Amino acid sequence: MKFTLKIWRQEGPHEPGRFVTYEAHEVSPGMSFLEMLDGVNQRLLGKGEEPVAFEQDCREGICGSCSLVINGIPHGPDQGITTCQLYMRRFCDGADITIEPWRAKAFPILKDLVVDRRGLDRIMQAGGYISVNTGGAVDGNVLLIGKDQAEAAMDAASCIGCGACVAACKNASAMLFVAAKVSHMATLPQGRPERERRVSAMLEAMDREGFGSCSNQYECEAVCPKHISARFIANLNHEYLRAGIVESGRPSEPESPHAESS
Amino acid sequence: MIRLFSHFQSSAGKKMVIALTGLGLVVFVVFHMLGNLQLFQGAHALNRYAAFLRDMPILLWTARIGLLCMAVFHIGLAVQLSVRNRRARPVGYLIHRYRQASIASRTMAISGMTLLVFLGFHLLHLTAGVIDPAFSDHLDAEGHRDVYGKVVHAFQNPFMVIIYLAGQVGLGLHLTHAISSSVQTMGFEHAGLSRLLKAFGPVIGLIVVLGNVAIVLAVFLRIVR
């Protein structure tokens, strides 16, 4: 198979970027999208040119590193998969493919297709954890959790933090990411004691990082490689409203332990 | 209480204020449409309804000021968040393809602005009587203001019909996304009710638009004279 690739090239964070067209030859239909790019890079290296920088790690859809907008859709045309799980047989032979990085103010481009997603980490630092030491794995049935709750928590916890939701959102909002993390922990007993502080701190951190707000278009849900439902966003809003009411009745605390580390 | 207020300073909190004020305005348009349907009961019923509303100035002006406040918060915060949202992606995509966003959700800003312009026109036209002063001081046989006559006079004019129908398109589009979206923003979610909640917006929007369009077209087609 042959493809014409239009790839965003940018030398560094502050350099101007542009699209450069490359030809991908001898592509097998069984190759993954990243393997196809590896081939292109081999060719570039052979010619002594700078290879295209893109992020990748596990190449099995669990690490959340790969982050390409392919023909206008984060992670490409298929649903429920990451870029590394996309195969070239999905495209017509000779097709033109446009490859762009995630675009958001909160995700500055480092080089070519690699963006800085530490904004999501800083949201997690703001409250995406539980402060108590839970020790080792507990014996079965010591801590009873209903099946519905366990499944809802697991659905939310399957978020791999790739940022496709931000890339797909017209407002570059990280609401689905925050919703998944907040819902995951608010559903389980271990996360309950800090649920009010957590949701407020994480949403404040999201605003601080420069992500947009939610317009309820659910584009995030459609591109999420882990099929995280937008109903978790309703759950996040519920948690936030609840936190506002619960916290307003509490005496003010000195220093929040969830203050973002600088 | 101060903390609850500070909660509404975040983007998620502002969205909640937009959703709540929007739902308040939805309640108004529904009752506005229902009240106006009394046109089909004849001049007597509609004029008496108008007189009934005007007979309670305190209630009327409380409602008007309340609606104005809701509209100001709704529009002000929506503009503020839209500007912020635009800034969240300074460099756009070369190609951007929507996967499931509805037409209504993508045109909220346009339909909202259409509605605002239409609202201004509507208030100047039928409420204040600036655009078309005919029938404004006219009294009917019982000595009530002749709202019926004014409405019938207005919608016999094809230009007015076009403007009002365009306003209804904006209203329908806006409500289609707005109502279900507000429910989500207020954090109400239920696995079993999700379809019902999603249908809420389009159904209420359609009912309001159909009711309003029925009034305009009934007059224009001389079904009501």
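Reader: What pattern does chain B follow when read along the sequence?

Author: In this predicted model, chain B runs α-α-α-α-α-α-α-α-α. Its secondary structure amounts to nine helices and zero strands. Taken along the principal axes, the C-alpha atoms of chain B fill a box of roughly 60 × 45 × 40 Å.

Reader: How much of chain B counts as buried, and what share of its contacts with a separation of 6 or more joins residues 24 or more positions apart?

Author: Of its 225 residues, 28% count as buried. Residues 24 or more positions apart make up 75% of the contacts in chain B that have a separation of 6 or more.

Reader: Let's turn to the helices. What makes H8(B) and H9(B) roughly antiparallel to each other?

Author: The angle decides. Helix H8 (residues 158–185) of chain B and helix H9 (residues 194–220) of chain B have axes that cross at roughly 165° and come within 6 Å. An angle over 145 degrees counts as roughly antiparallel, and H8(B) and H9(B) are therefore placed in that class. Their crossing is right-handed. The residues of this contact comprise 18 nonpolar, eight polar and one charged.

Reader: Where does H2(B) come in: at what angle do the axes of H2(B) and H9(B) cross, and is the crossing left-handed or right-handed?

Author: Helix H2 (residues 11–36) of chain B and H9(B) have axes that cross at roughly 35° and come within 9 Å, and the crossing is left-handed. On the H2(B) side the contact is made by B:Val26, B:Val29, B:Val30, B:Met33 and B:Asn36. H9(B) brings B:Ile204, B:Val208, B:Gly211, B:Asn212 and B:Ile215 to this contact. Sorted by class, the contact of H2(B) with H9(B) holds seven nonpolar, three polar and no charged residues.

Reader: At the end of chain B, why does B:Arg222 count as exposed or buried?

Author: Count the neighbours. B:Arg222 has 9 C-beta neighbours inside 10 Å. The limit for an exposed residue is 12 or fewer, so B:Arg222 counts as exposed. B:Arg222 belongs to the segment after H9 of chain B. Its phi is positive, about 65°, although B:Arg222 is not a glycine.

Reader: Which residue of chain A also has a positive phi although it is not a glycine, and how is its burial judged?

Author: That is A:His75, with a phi of about 65°. A:His75 lies in the loop between strand E4 (73–74) and E5 of chain A. With 27 C-beta neighbours inside 10 Å, set against a limit of 20 or more, A:His75 counts as buried.

Reader: How do you know whether A:Val52 counts as buried or exposed?

Author: The reasoning is the same kind of count. A:Val52 has 21 C-beta neighbours inside 10 Å, and 20 or more is what a buried residue needs; A:Val52 therefore counts as buried. A:Val52 is found in the loop between helix H1 (33–46) and E3 of chain A. Leaving aside residues up to four places away in sequence, A:Val52 touches A:Ile7, A:Leu37, A:Val40, A:Asn41, A:Asp112 and A:Leu113. The C-alpha atoms of A:Val52 and A:Asp38 are 8.9 Å apart, with their positions 14 residues apart along the chain.

Reader: What is the order of the strands in the open sheet of chain A, and what makes a strand an edge strand there?

Author: The five strands have the order E2-E1-E5-E3-E4 in chain A. Strand E2 (18–24) and E4 of chain A are the edge strands, as each pairs on one side only.

Reader: What makes the pairing of this sheet mixed or uniform: in which sense does E5(A) pair with E1, and in which sense with E3?

Author: The pairing is mixed. Strand E1 (residues 3–9) of chain A pairs with E5(A) in the parallel sense over four bridges, and A:Lys6 has A:Thr98 as its bridge partner in E5(A). Strand E3 (residues 69–70) of chain A pairs with E5(A) in the antiparallel sense over two bridges, where A:Ile70 has A:Ile99 as its bridge partner.

Reader: Finally, how many residues of chain A are in contact with chain B, and which element supplies the largest share of that side?

Author: 40 residues of chain A are in contact with 36 residues of chain B. Strand E5 (96–100), helix H6 (195–209), helix H7 (219–223) and helix H8 (231–248) of chain A each supply at least two residues of the chain A side. The largest share, 12 residues, comes from H8(A). By class, the side of chain A that touches chain B has 17 nonpolar, 15 polar and eight charged residues.

Key. Residues numbered from 1 in each chain as written. Chains lettered and ligands numbered in written order. Predicted model: local features only at pLDDT ≥ 70, side-chain atom pairs only at ≥ 80, totals over all residues. Contact = placed C-beta atoms within 7 Å. Nonpolar A, V, L, I, M, F, W, Y, C, P; charged D, E, K, R; others polar. Axes fitted to C-alpha atoms, helices over the stretch in contact; angles between N-to-C directions. Parallel < 35°, antiparallel > 145°, perpendicular 65-115°, else oblique. Left-handed = near helix turned anticlockwise from the far one by under 90°. Pairing = 2+ DSSP bridges.
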